[in-house]
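This report describes one protein chain, from its overall make-up to selected local features. Please inspect the sequence and the structure below before reading on.

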Amino acid sequence: MSSSPEIVKSGLLEKRSQNKGRFTAENYKKRFFVLNKSYFKYYDGTADKLGRKKGEIPLRFVKVVEFVDDYMLENKRNAFQVVYEENTQFFTLYVVASSPDERQSWVDAIRKEAINQDARFLQKYHKGVWTKSLGKFNCCDQVDRGAMGCLVSTPETNPEIGVGGIIPAMMHSQQGRCPPQPVLRPLPPTNNQKQLYIAIYDYDPVEDGDLELCKGDEYEILDNSREHWWRAKNRDGKTGYIPSNYVKKKFDLEIYDWYYKELSRAQAESILKETGHEGCFLVRDSVSTPGLYSLSLFTREAGISVRHYHIKKNRDGYFYIAENHVFESIPDVINYHKYNAGGLVTRLKEPPRRNTKPTTAGFGHSQFEIDPKDLTIGEQLGAGCFGSVHKGTYRGMVVAVKKMKENAMSEESFKEEAKTMTQLSHKNLVQLYGVVTKSRPMCALNNYLQRHRARLTSQVSRLLDFCVQVCQGMAYLESRKFIHRDLAARNCLVGENAVIKVADFGLARYVLDDEYQSSAGTKFPVKWAPPEVLQYTRFSSKSDVWAFGILMWEVFTCGEMPYREKRNVDVVDFVVTQNKRLAKPSNTPMIVYQIMMKCWDKDPEQRPSFVDLTNQMTELNREGDYPHIE
């Protein structure tokens, strides 16, 4: 076969089914591909034993030959696409090569031969694929399967047609009509190219330049260059700044009240049990099967309070909980089971009510100074080396107020650092607004652990989840080049639904080289300090990791004081001179204690990062995401 002068290239590749029919299975099979001067064909069998021809594409009808971004086609790598016209409809052949070089070789060869056959390429293509789960392309926000591509096609040269032989046309990645347009001209702007978002919370403007948000309304994002404040336009044409975490992409699951992104099983059960309503439900990301989702449902049937179901995906790409009821999208699945139990223990009724909005980075897009007359300070929640934290109110909103001790830090230094830290925003960090942090705190974490010790002692998954939440907040600080320097359970607050937020930024420092050498006489919490701090007052993200290990010990002892019988001077001798560590708390799995010990490595470079710690502990808790329950 290879001796035929017409054969340009041949080889064994993997292809996806064409999906020309609505219910065609999206499966993958090995085929032997042959490219000659006129056709791109594929067969059963191999080069040695060629079987029946399964399909062919006339090269003169090819419209796109481009890569598919890695992992966008069913998590596969080295994929490419050939879009072609057949009976006035456009179809896409997805092919997977075994290596980047093989993919490049095939794409180059097909393009060259198609150009020689006077193929007219489309001006744009999609780097991803249209997915049934999202109801849109996974590379852009376009929901029409026949929507124009989002990237400009690779230029090609054909002497008779001109540069590219490219025609502007609507690209159909699956199927659809596309009348030929022989004249090359700029593409007009389309609504599909706008960045359209939906408000999931109301927002009242705080200062001039802010834009009001109304839950459920659509907004066009004009400028998203700032992390936390975007410039947007509403339907009436008014523009202004909005908090970026108050809006979600128009077709994302996050616009639905029942979707709780990245919620753990333990957190889901806590939220649902607190509501106590039959049929209360939520959908969350599946931990055991990344890319899929789990349904958590509250019921009083058979004495079971919360049941967990996998939302599965069949071979056709359709979603279901019960196999007899399949749908194109997850919202369709949820809508069906709101009216029919369909194999569930009870039908879905309402999601938990979200009582609080997420915090914003500052009250407005530029506001920093807080008027003291708007602030009321109440009971003390906790205290540290540099000050105390109190419950307070700001314009009727519950807040936590950090009161600095006299001479703990210069006023100018604190203002400068606080102004910088208002631009840090994470779900597991207390949000800083100059001197006010927005939260709905119950109490400090160590007090919460002590208060609920009898109930929490045996709940390893719950305690580990507390640690994961703290670690996620610290990983965010680490990524932003901040070191905390006073991480401890007393400086974390427990909010609604047992959400943990790292607080007390009185000692936080922004560092360029991940290390901060403090000046002589600097105060620091000895029992949470590593050897390099005790000896040289040298702080880094790795000294925060050590402190996190102590915090883990606090969590698993349910609020005990570390080194309880030792004075500070004895702790220094114990940790530095004797190189000893805290003992394993009772009822603590050895693998959890081993994580603590990694945090307490004498060599800072050997301690894990907060990202690594988060991943390890999340993996440890993974068995909590149960398989589908019939």
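The text that follows treats the chain as a whole, one sheet, one helix pair and two loop residues.

The model is predicted: local features need pLDDT of at least 70, side-chain atom pairs count only at pLDDT 80 or more, and totals for chains, interfaces and linings use all residues. Residues are numbered from 1 along each chain as its sequence is written, and side-chain values use heavy atoms, with hydrogens and water left out.

**Overall composition**

The chain contains 12 helices and 38 strands; helices (H or I, at least four residues) and strands (E, at least two) are DSSP runs numbered from the N terminus. Of its 630 residues, 52% are buried, a term for under 20% relative accessible area, while exposed stands for over 50% and partly exposed for values in between (1.4 Å probe, protein chains only). About 29400 Å² is exposed by the chain, and 47% of this area comes from carbon and sulfur atoms. Among contacts (heavy atoms within 4.5 Å) with a separation of 6 or more, 57% join residues 24 or more positions apart.

**An open sheet**

An open sheet is formed by 5 strands in the order β19-β18-β17-β16-β20, with antiparallel pairing; two strands pair if DSSP finds at least two bridges between them. Its edge strands, β19 (239-243) and β20 (247-249), each pair on one side only. From one strand to the next, the twist averages 50°. Strand β16 (residues 196-199) pairs with β20 in the antiparallel sense over 3 bridges, and V247 in β20 is the bridge partner of A199.

**A helix pair**

Helix α2 (residues 265-275) packs against helix α7 (residues 460-479) at about 110°, and their axes are 9 Å apart. The axes are lines fitted to C-alpha atoms over the stretch in contact, and angles run from 0 to 180 degrees between N-to-C directions. α2 and α7 are therefore roughly perpendicular to each other, the class for angles of 65 to 115 degrees. At their contact, A266, Q267 and S270 in α2 meet S461, R462, D465 and Q469 in α7.

**Two loop residues**

The table gives the loop and the relative accessibility of each residue.

| Residue | Loop between | Relative accessibility |
|---|---|---|
| N491 | β33 (482-483) and β34 (492-494) | 3%, buried |
| G291 | β22 (281-285) and β23 (293-298) | 62%, exposed |

The UniProt annotation "binding site", from an unreviewed entry, covers N491 and D504; such annotations may be inferred rather than shown by experiment. G291 and N75 lie 216 residues apart in sequence, and their C-alpha atoms are 9.5 Å apart in space.

Conventions: Areas by Shrake-Rupley, 256 points an atom, 1.4 Å probe, with all protein chains shown as cover. Parallel < 35°, antiparallel > 145°, perpendicular 65-115°, else oblique.
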